[in-house]
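Here is a model to go through by question and answer. Please look at the sequence and the coordinates before reading on.

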Amino acid sequence: MALINDLRKGSRFALSRVLSQVENNTPAGLQALDELFPFTGKAHKIGITGPPGSGKSTLVNALTKQLRLHDREPRVAVIAVDPTSPFSGGAILGDRVRMLELQNDRGIFIRSMASRGALGGLSSQTEALSQVFDAAGFDFVLIETVGAGQSEVDIVNLAHTTIVVDVPGLGDDIQSIKAGILEIADILVVNKADRPGADQSRRYLKAMIEMGFRPLASSAGKHRMAPALQKDETETIGEQEALWLPPVLKTIASQFEGIEQLVTEILNHQHFHKSTGRWKQKETWTLREIVRKRIAGTLERDFFQQLPAEVFEAQMEALIARKVSPTTAVKNLLTYNQKSSKPQLSE
Amino acid sequence: MTEKKIRVLIAKPGLDGHDRGAKVVARALRDDGMEVIYTGLRQTPEMISEAALQEDVDVIGLSILSGAHNALVPQVIRKVRENGQTDVIIFVGGIIPEADIQGLLDKGVFRIYGPGTDTHLVSKEIREAVKAVSQVD
């Protein structure tokens with residue numbers, strides 16, 4: 001495919017087109033993913049999540065600029081997800097407004113995407129888009145989720161490093177021990193730290209983390225490492241110390257405060273992941289999830305392709321009339337398909 | 001399967017600071033089921049064409065109230081075409097004097113929507129225009 005060659009050679013136009021094909025799940029998009037797959041597995045994927053208005057986009061803006069300042073001039077891609085309206089199917093994608101400073105740097109590529117009905121804080125194609133950026137040679141892929149509440153935790157299946165952004169004054173210590181979003185953090189950020197209550201929020205979050213690590217609290221701090229860049233890449237950490245205690249940082253993203261430290265922690269986490277074998281573990285897990293989802297999707301599609309619409313409708317009518325239960329209806333439909341001629345598995 | 005959505009970039013080139021109209025149009029297109037990328041105030045033609053490229057939009061809407069349309073709009077069109085996005089439909093909203101309209105249309109602007117335009121008309125015409133372009137593909 002000419003487009004794929006152009007993409008690999010660095011054409012931004014080709015990259016953008018392929019991203020659309022993949023997002024729209026077209027046959028060309030699926031083929032592109034196949035062809036690009038051998039080139040994936042290199043990018044460091046960083047998730048940024050947190051409640052609406054916590055400053056995720058502004059933080060992404062600052063973070064991207066800081067990453068670009070590094071000696072190796074890493075290329076940075078941003079995927080910014082905003083919600084799709086459940087009523088019209090449309091969306092306003094406004095994250096770019098906070099990232100205007102990044103617009104003129106050719107080492108950066110920002111793509112907005114709508115959640116298109118998915119509920120986990122991402123769109124169903126976000127992972128696939130990150131693969132395209134990975135294959136296009138971006139060193140970092142930043143993924144900003146939809147403004148997340150408590151259970152939009154899909155990002156953890158995708159990102160190597162998950163940053164959870166909180167702001168002062170959102171809740172007391174009970175909020176911070178609830179399951180869900182805070183639990184998935186590799187790094188916690190209290191943004192807008194110039195507002196009252198920042199230190200208190202930070203204390204709550206630290207307390208929550210230390211609670212989870214109580215058995216090891218005495219040795220806490222031991223495993224924290226010097227910045228990855230000053231380290232020998234091949235240096236490994238012993239099994240016993242293979243514990244990551246999520247740091248809690250204060251930032252004021254709009255003023256660029258605390259961002260350098262955030263990047264240091266990201267690189268620390270990257271080094272930690274690589275030296276403990278967790279990087280590979282994560283890859284295995286992510287790929288396993290992709291295959292499982294593909295299987296589910298393919299089976300569902302094949303099932304409905306094989307099933308005559310009138311058979312389905314007949315069962316629905318029986319269901320609405322309460323003559324069959326949903327479980328029985330499913331059983332009937334599955335049996336119907338099994339009885340009719342054996343289907344050819346599509347690719 | 002996800003369906004193909006129309007993607008629109010709404011941008012405000014130049015220096016005027018009023019984006020109410022741009023927001024109304026963005027909202028109307030969203031309510032018609034489109035994905036609208038909103039980039040805010042004070043954009044240069046470079047910034048707009050770069051955003052359009054990265055977002056692979058089908059449509060660009062430019063809101064201009066400052067009077068600088070004859071300078072800015074052709075620049076945006078040229079840069080977008082240079083990037084290879086030859087199919088992108090570009091429309092303009094805002095205050096454009098009667099005398100300048102034909103000139104802008106000749107330079108490749110799809111439509112100019114002045115104050116008081118029914119937003120349903122905007123979304124309907126955009127939808128038709130995108131459909132016509134993608135059929136040519």
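The turns below deal with a predicted model, taking sheets, helix packing, the contact between chains, the core and single residues in turn.

Me: Which strands of chain A are the edge strands of the open sheet of seven strands?
Reply: The order of this sheet is β4-β2-β5-β1-β6-β7-β8 of chain A, and the pairing is parallel. Neighbouring strands are turned against each other by 20° on average, with direction ignored. Two strands pair on one side only, and these edge strands are β4 and β8 (248–250) of chain A.

Me: Which residue of β7(A) does D166(A) stand opposite?
Reply: Strand β6 (residues 161–166) of chain A and β7(A) run parallel and are joined by four bridges. Opposite D166(A), in β7(A), stands V190(A).

Me: What angle does the direction of α4(A) make with that of β5(A)?
Reply: Helix α4(A) packs on the sheet and touches β1 (44–49), β2, β4, β5 (140–144), β6 and β7 of chain A. Relative to the direction of β5(A), the direction of α4(A) makes about 170°.

Me: How is α4(A) oriented to α8(A): roughly parallel or roughly perpendicular?
Reply: The axes of α4 (residues 56–68) and α8 (residues 259–275), both of chain A, come within 9 Å and cross at roughly 70°. Angles of 65 to 115 degrees count as roughly perpendicular. The crossing angle therefore makes α4(A) to α8(A) roughly perpendicular.

Me: How many nonpolar residues are in the contact of α4(A) with α8(A)?
Reply: Helix α4(A) contributes A62(A), L63(A), Q66(A) and L67(A), while α8(A) contributes I259(A), E260(A), L262(A) and V263(A). By class, one residue is polar and one is charged, and the nonpolar residues number six.

Me: Which element gives the largest share of the side of chain A that touches chain B?
Reply: The contact involves 28 residues of chain A and 26 residues of chain B. On the side of chain A, the elements giving two or more residues are α2 (12–23), β3 (91–93) and β4 (108–114). By class that side has ten nonpolar, 13 polar and five charged residues. The largest share, six residues, comes from α2(A).

Me: Which strand of chain A stands at an edge of the sheet of six strands?
Reply: This open sheet has the order β3(A)-β2(B)-β1(B)-β3(B)-β4(B)-β5(B), with parallel pairing. Each edge strand has a single partner strand, so one side of it is left without a neighbour in the sheet. At the edges are β5 (112–113) of chain B and, from chain A, β3.

Me: What is the bridge partner of L93(A) in β2(B)?
Reply: Strand β3(A) and strand β2 (residues 35–38) of chain B run parallel and are joined by three bridges. In β2(B), the bridge partner of L93(A) is I37(B).

Me: Which residue stands opposite L62(B) in β4(B)?
Reply: Strands β3 (residues 59–64) and β4 (residues 89–94) of chain B pair in the parallel sense over six bridges. Opposite L62(B), in β4(B), is V92(B).

Me: Which strand of chain A gives the most to the largest nonpolar core?
Reply: The largest nonpolar core has 116 residues, of which L142(A), V8(B), V36(B) and I60(B) touch the most other members. Leaving out residues up to four places away in sequence, I60(B) touches L9(B), A11(B), I48(B), A52(B), V80(B), V88(B) and I90(B). With six residues, the element that gives the most to this core is β2 (residues 76–82) of chain A.

Me: Is K192(A) buried or exposed?
Reply: K192(A) lies in the loop between β7 (187–190) and α7 (198–212) of chain A. Its phi is positive, about 55°, although K192(A) is not a glycine. A residue needs 20 or more other C-beta atoms within 10 Å to be buried. K192(A) has 24 such neighbours and therefore counts as buried.

Me: What is the phi of D56(B)?
Reply: D56(B) is found in the loop between α2 and β3 of chain B. With 20 C-beta neighbours inside 10 Å, D56(B) counts as buried. Most residues other than glycine have a negative phi. D56(B) is not a glycine, yet its phi is positive, about 45°.

Methods:
Residues are numbered from 1 along each chain as its sequence is written. Chains are lettered from A and ligands numbered from 1 in the order in which they are written. This is a predicted model: local features need pLDDT of at least 70, side-chain atom pairs count only at pLDDT 80 or more; totals for chains, interfaces and linings use all residues. Axes are lines fitted to C-alpha atoms, for helices over the stretch in contact, and angles run from 0 to 180 degrees between N-to-C directions. Angles under 35 degrees count as roughly parallel, over 145 as roughly antiparallel, 65 to 115 as roughly perpendicular and the rest as oblique. Two residues are in contact if their C-beta atoms, placed from the backbone, lie within 7 Å. Ala, Val, Leu, Ile, Met, Phe, Trp, Tyr, Cys and Pro count as nonpolar, Asp, Glu, Lys and Arg as charged, and the others, Gly among them, as polar. Two strands pair if DSSP finds at least two bridges between them. A nonpolar core is a set of buried Ala, Val, Leu, Ile, Met, Phe, Trp, Tyr and Cys residues joined through C-beta atoms within 7 Å. A residue is buried if 20 or more other C-beta atoms lie within 10 Å of its own, exposed if 12 or fewer, and partly exposed in between; C-beta atoms are placed from the backbone.
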